[in-house]
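Please look over the model shown below before reading the briefing on its fold, core and cavities.

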Amino acid sequence: PFGNLSDCPNGSRWIMDVFNECAQDGWDIASVLLGLGSIGCFVAAAFPQFYQACRTGIMDQALSIYFLLGWLGGDLLNLIGSFLADQLPLQVYTAIYYVLADLGMLSLYCYYRLRNGGRAFPAPINAAFVFLSVGSLSGLSLLGSASTEELGTFKGRSLLSAPGDELGPKPFSRTEIIGFTIGSISSVLYLCSRVPQICTNYKRKSTSGISYFLFALVMLGNSLYGLSVLLKNPEPGQGQGDYVLHHLPWLVGSLGVLALDVVISFQFLAYRGGRPGALEERDALLGE
């Protein structure tokens, strides 16, 4: 079996078998279900933007390359950090999908930039794109091999404490400190990635070419993701404050970025009657 219920008395069998995670009461089960809902939102978030890009053909004008690169960098560090810091399994699974979706979005952006005859990317952007892409693929392969080696081990989330455990702060291991630091940098990149997109929308005075469902689903997914972490019961011997501290970078990355996504939402309202992009103008004139 994938999980061992002897380490998780009264735990849910299907959650242990599918996610290798201990869920002993309604709060733990709600955490898992909210995490699944979060994954569903993030899985669906990219498709409206893919459709919008194919429909309008101006993805290279509508989205900021710095927004996409910042998003990919944040997701890559989130994946590495969540693995090193021994975060919940659902957090790791979600982080893997983030990276794959970001690579697809960046590939589509580059395709439309080349198709629309855009200028070549500056050397720093090319270097960042290559570095992040190679790092993403290397990280995914290393994490895949590591997870295969430890497939039968229930690690990090056992709700049984040793007889001599005392209630108090759970110390960070060296690996967790590295993961915590990487997760913190990831959160900063998440927050900073929204700023170029907000500036791009402001300069264009338009949000044409961008699907609002991308940001709406990301906002919903981040909300569910944060709640799923907060509802999870701490381990015995670990206080609620200490538990939140161990997950703080990922909570900031998911809940903190909501404020900037709300700003982008207001831009969609303010610029809903804004001028279309150059290719949309040309297509409209050709149609007439």
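The points that follow cover the helices, the nonpolar core and the largest cavity.

This is a predicted model in which local features need pLDDT of at least 70 and side-chain atom pairs count only at pLDDT 80 or more, whereas totals for chains, interfaces and linings use all residues. Residues are numbered from 1 along each chain as its sequence is written, and side-chain values use heavy atoms, with hydrogens and water left out.

**Fold**
- The protein chain holds 12 helices and 0 strands, taken as DSSP runs numbered from the N terminus (helices H or I, at least four residues; strands E, at least two).
- Of its 288 residues, 47% are buried, meaning under 20% relative accessible area with a 1.4 Å probe, protein chains only.

**Nonpolar core**
- The largest nonpolar core (buried Ala, Val, Leu, Ile, Met, Phe, Trp, Tyr and Cys residues joined through side-chain atoms within 4.5 Å) has 34 residues, and those with the most contacts inside it are Met 59, Leu 63, Leu 68, Leu 214 and Phe 215.
- Among the elements that give two or more residues to this core are α2 (26-56), α4 (65-84) and α8 (212-231), while α5 gives the most, with 10 residues.
- Beyond its neighbours within four places in sequence, Leu 68 is in contact with Leu 63, Met 105, Leu 106 and Tyr 109, where contact means heavy atoms within 4.5 Å.

**Largest cavity**
- Among the 21 residues that line the largest cavity, Phe 42, Trp 71, Asp 75, Tyr 98 and Val 218 are the closest to its centre; a cavity is a set of points, on a 1 Å grid over the protein atoms alone, where a 1.4 Å probe fits but cannot get out, and lining residues have an atom within 4 Å of a point.
- α5 supplies the largest share of this lining, 5 residues.

Note on methods:
Buried means under 20% relative accessible area, exposed over 50%, partly exposed in between (1.4 Å probe, protein chains only). On a 1 Å grid over the protein atoms alone, a cavity is a set of points where a 1.4 Å probe fits but cannot get out, and a pocket is an open set with protein on both sides within 12 Å along at least five of seven lines; lining residues have an atom within 4 Å of a point.
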